[in-house]
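Please walk me through this structure in the viewer, one selection at a time, saying at each stop what to pick and what is to be found there.

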Amino acid sequence: MRVTERLVFENASRNTGRARTAAEEARQALARGTRVEHPGDDPAKAGLILAHRMSADRLTAISGATSAAADEIGAADSALDGVSTALSRARELTVQLSNATYSASERQDGAKEVDGLLAQVVSSLNARVGNRYIFGGTKDDAPPFQTDGSYTGDHADRKVEIAPGVTQQANVRADVALKGYDEASQTYDSQKDVLATLQRLGAALRANDVTGVQGTLDGLQAGITQVANARAQAGVSMSTFDSATSAAQIASDRDRVNAGKMSDVDIADASIQLQATQTALEASYAATAQSFRLSILSYLK
Amino acid sequence: MADLLSILSGAATSLAAQRAVLATAGHNINNANTPGYSRQIASLETITPAEQVNGAFIGRGATLGTVTQARDRFLEAQIPRAMGDAAFSTAQSDALQAFHGLDVTDAGGLSSAVSGFFTSLRALAQNAGDPGLRASFLGAAQALARTFNSTASGIESARSGLDAQASGLAGQITTEAQAVAQLNVQIRQARGSGAEPNDLLDLRQKHLDKLAELAGATTVPTSEGDVNVTLPGGVALVAGGRAGSLSTTANGSGHLDIQIRLPDGSGPTILSSSALGGSLGGTISARDGALKTAGERVDQLAFDLARAVNSAHEAGYGLDGSTGLALFTPDDPTPNDVTDDVVAGAASQMSVVITDPAQLAMAGGAPVPPATTPAPGDASNASLLIATESATLPSGKDVQSAVSDIVSQFGTSTANAKAYADQDGAIEDHLTSLRDSYSGVSIDEEMITMQQAQRAYEAIAKVIQTADGMLETLLNLR
């Protein structure tokens with residue numbers, strides 16, 4: 001090959017330019033910490049990185065929702081625990097005051113305690129999480145249970161997504177557990193209405209009606225069982241939501257790790273690459289300078 | 001017998017010839033770095049002997065024969081195409097790499113806006129009556145619309161920037177074409193005097209190279225010594241001493257078309273993309289190729305997502321009892337009829353219709369009379385809205401896959417353009433290196449040539465000195 005001045009200088013410019021570009025790209029990748037920034041850097045990975053990130057975001061949101069649902073069911077369970085305690089105490093009073101040895105005055109005192117228990121149950125059933133009344137179904141902006149024992153919430157289920165496209169009931173149906181609401185007939189079963197039973201107990205005690213007091217025993221026992229069943233169901237739901245939270249978080253973390261693996265620079269590799277390109281750049285400079293020094297002009301006198 | 005005066009005369013001619021050799025070497029050195037310059041070679045010729053002495057011819061020295069250029073026509077014929085291809089793919093690659101609206105690291109990009117929208121929706125579904133969460137979701141919806149707006153406007157800005165670049169390139173091409181046409185005339189006139197106008201030929205070649213780079217133009221030499229220039233596809237740009245001109249004209253899509261007025265004055269005619277090469281072709285290709293496709297796909301995604309969300313939203317009820325309201329514009333009034341869909345511009349026009357968070361239709365159940373508003377915690381319609389994230393859009397993909405695909409496809413176009421630019425650039429570099437090697441100036445060679453001419457000049461001077469001495473000897477005879 002015939003070597004000309006333009007060839008020497010053009011090649012020098014081109015080769016040092018390439019070496020410098022490679023070194024600069026390696027430096028930038030290391031400084032930036034990512035190897036895919038523009039989609040053109042690696043089209044397939046660019047799409048996958050976004051897919052993983054969006055999936056991670058979705059799973060994080062699901063995890064947040066299921067975690068909140070689990071917290072809410074925990075709050076419901078705690079409230080039902082209070083109801084259960086109150087009902088147990090009411091049953092004790094019923095058994096105790098059904099005995100003929102107790103006086104009317106003592107039954108009056110018992111009636112007052114039952115009134116307090118009723119108020120305590122109503123208060124528990126008007127539990128809130130944040131600004132929501134958790135036992136009111138979807139009508140959650142006002143206390144669902146009134147002091148007279150009536151229920152003003154609705155009969156709707158709340159559902160929370162536990163995995164993409166999969167939902168799970170997230171509320172405890174106090175209208176079913178404590179008021180005996182029957183979905184099929186859309187009516188209340190008075191025999192299962194725990195609040196009405198408490199009211200009947202209070203009234204019987206005030207009237208010193210021993211038979212009436214005894215008549216509430218089955219209803220109270222049934223109520224305790226209903227609440228226990230509702231709590232058992234809440235426990236299952238809480239477990240489901242806890243599992244869902246854990247699964248979504250793990251899946252989200254896995255997506256973020258995968259996205260990171262594809263987008264983030266391996267520091268060791270990037271450092272080696274930077275060193276290699278800098279060495280190549282220095283070699284290119286040295287070779288270029290050497291070729292510039294070689295000229296017949298240095299020898300002609 | 002060769003007389004001494006003839007020797008002096010021959011020596012004088014030879015001195016002039018050596019001076020021409022030196023001058024040519026000097027000219028080469030002076031132009032060692034001139035782009036497009038081809039080294040010149042001064043060829044000396046022996047002056048035909050005019051005198052025969054005792055049957056032998058006595059030479060009369062040397063004279064300058066020709067000054068030719070060192071040019072490899074085979075190489076030069078390949079270079080315009082290589083330059084055009086390299087310029088095309090480089091312009092396309094540079095344009096696509098300069099667009100950062102779909103970057104993976106862009107925190108304000110489409111993917112994060114879509115994720116933000118559905119994350120806020122999921123939070124709202126937990127507590128549909130909460131005013132703070134409603135306001136937050138409305139904000140996320142507005143952010144999503146703004147992100148579609150900014151992505152679309154970013155793509156359009158990039159395309160408009162390429163319009164401006166194409167307009168400038170069209171002007172440069174016209175200037176270069178006029179220069180070639182004028183040089184055709186000047187070269188024809190110079191050749192009329194019998195000599196080869198090497199420097200004019202170099203200058204014309206330089207302009208032809210520029211035309212190849214700018215427009216992918218190829219040259220067709222004529223028997224008269226002109227070169228005609230054609231654009232890819234054979235459209236004439238230069239015909240002898242006449243040049244065509246390129247200009248731009250606005251088209252219906254808000255961008256510029258390239259039009260040509262032909263060398264014969266006819267036109268202007270709009271050039272198809274197949275007639276555009278070089279930097280101009282690459283610029284137009286980036287504008288109407290990957291960027292346009294990305295814009296169309298973003299529009300399609302905006303339209304499909306808005307339609308899916310609106311369809312679910314319109315079926316639900318707001319806290320205030322409102323129903324049938326779209327969340328986003330543009331809305332598709334007939335979701336099942338694709339024939340009336342106006343997809344173009346959907347992303348740039350996307351906005352949130354609802355301004356009152358209470359109108360966000362999270363409830364699926366109608367208000368039960370006498371109530372006029374739904375239960376505040378009813379989030380059954382929110383579930384339907386959440387389902388749009390996984391729903392298959394008319395494009396055949398869900399929203400997440402659609403975003404990934406848009407980015408991936410744009411990335412593939414960019415990576416392909418870059419690969420072509422690297423490959424075409426390497427071919428161009430190789431060919432121009434070969435041309436530089438053959439036609440370029442070597443200082444070493446020219447210095448040696450100068451030394452050669454200097455030595456010969458000194459020797460001829462010695463001949464003159466000797467002949468002069470001999471003449472003096474004769475003149476001093478008594």
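## Where the chains meet

Begin by selecting the residues at which the two chains touch: the contact draws 56 residues from chain B and 48 residues from chain A. Keep in mind throughout that this is a predicted model. Between chain B and chain A an area of about 4400 Å² is buried, and carbon and sulfur atoms give 53% of that area.

Next, turn to the polar side of the interface, where 32 residue pairs, both at pLDDT 80 or more, are found in polar contact between chain B and chain A. On the chain B side, the elements that contribute two or more residues to the surface touching chain A are α2 (73-97), α3 (110-126), α10 (399-439) and α11 (443-475) of chain B. Of these, α10(B) supplies the largest share, 17 residues. If you colour this side of chain B by residue class, you should see 22 nonpolar, 24 polar and ten charged residues.

The charged residues deserve a separate look, since side chains of opposite charge can pair when their charged atoms come close. Between chain B and chain A there are six salt bridges. To see a salt bridge with R58(A), display E389(B) as its partner, with the closest N and O atoms 3.3 Å apart.

## Along α10 of chain B

Now select α10(B) by itself, a helix of 41 residues that reaches 58 Å from its first C-alpha to its last, which is close to the 60 Å expected at 1.5 Å a residue. At the start of α10(B), show the side chain of D398(B), one oxygen of which comes to within 3.2 Å of the backbone nitrogen of Q400(B).

## Chain A on its own

Hide chain B and follow chain A, which has eight helices and six strands. Read from the N terminus, the elements of chain A come in the order α-α-α-β-β-β-β-α-β-β-α-α-α-α. Along the principal axes, the C-alpha atoms of chain A fill a box of roughly 140 × 35 × 25 Å, and the radius of gyration of chain A is 38 Å, whereas a compact globule of 301 residues would have one near 19 Å.

Within this chain, select D77(A) and R231(A), which form a salt bridge whose closest N and O atoms are 2.8 Å apart. The pair joins distant parts of the chain, 154 residues apart, with D77(A) in helix α2 (residues 43-97) and R231(A) in helix α7 (residues 217-263) of chain A. Over all chains, the whole structure holds 39 salt bridges.

## Chain B on its own

Bring chain B back, with its eleven helices and 13 strands. The C-alpha trace of chain B spans about 150 × 45 × 30 Å along its principal axes, and its radius of gyration is 38 Å, where a compact globule of 478 residues would have one near 23 Å.

## Backbone stops

Which backbone values merit a closer look? Most residues other than glycine have a negative phi, and most peptide bonds are trans.

- In chain B, go to the peptide bond from T329(B) to P330(B), which is cis with omega near 0°; P330(B) sits in the loop between β12 (328-329) and α8 (346-349) of chain B.
- Continue to the bond from P369(B) to P370(B), also cis, with omega near 10°; P370(B) belongs to the loop between β13 (351-352) and α9 (380-387) of chain B.
- Finish in chain A at Q186(A), a residue other than glycine with a positive phi, near 55°; Q186(A) lies in the loop between β5 (181-182) and β6 (187-188) of chain A.

Conventions:
Residues numbered from 1 in each chain as written. Chains lettered and ligands numbered in written order. Predicted model: local features only at pLDDT ≥ 70, side-chain atom pairs only at ≥ 80, totals over all residues. Heavy atoms only, no water. Contact = heavy atoms within 4.5 Å. Buried area = accessible area lost by both parts, 1.4 Å probe. Salt bridge = Lys/Arg side-chain N within 4 Å of Asp/Glu carboxyl O. Polar contact = N/O pair within 3.5 Å; in protein donor to acceptor, adjacent residues only side chain to side chain. Helix = DSSP H or I, 4+ residues; strand = E, 2+ residues; numbered from the N terminus. Nonpolar A, V, L, I, M, F, W, Y, C, P; charged D, E, K, R; others polar. Expected span 1.5 Å × (residues − 1). Rg over C-alpha atoms; globule rule 2.2 N^0.38 Å.
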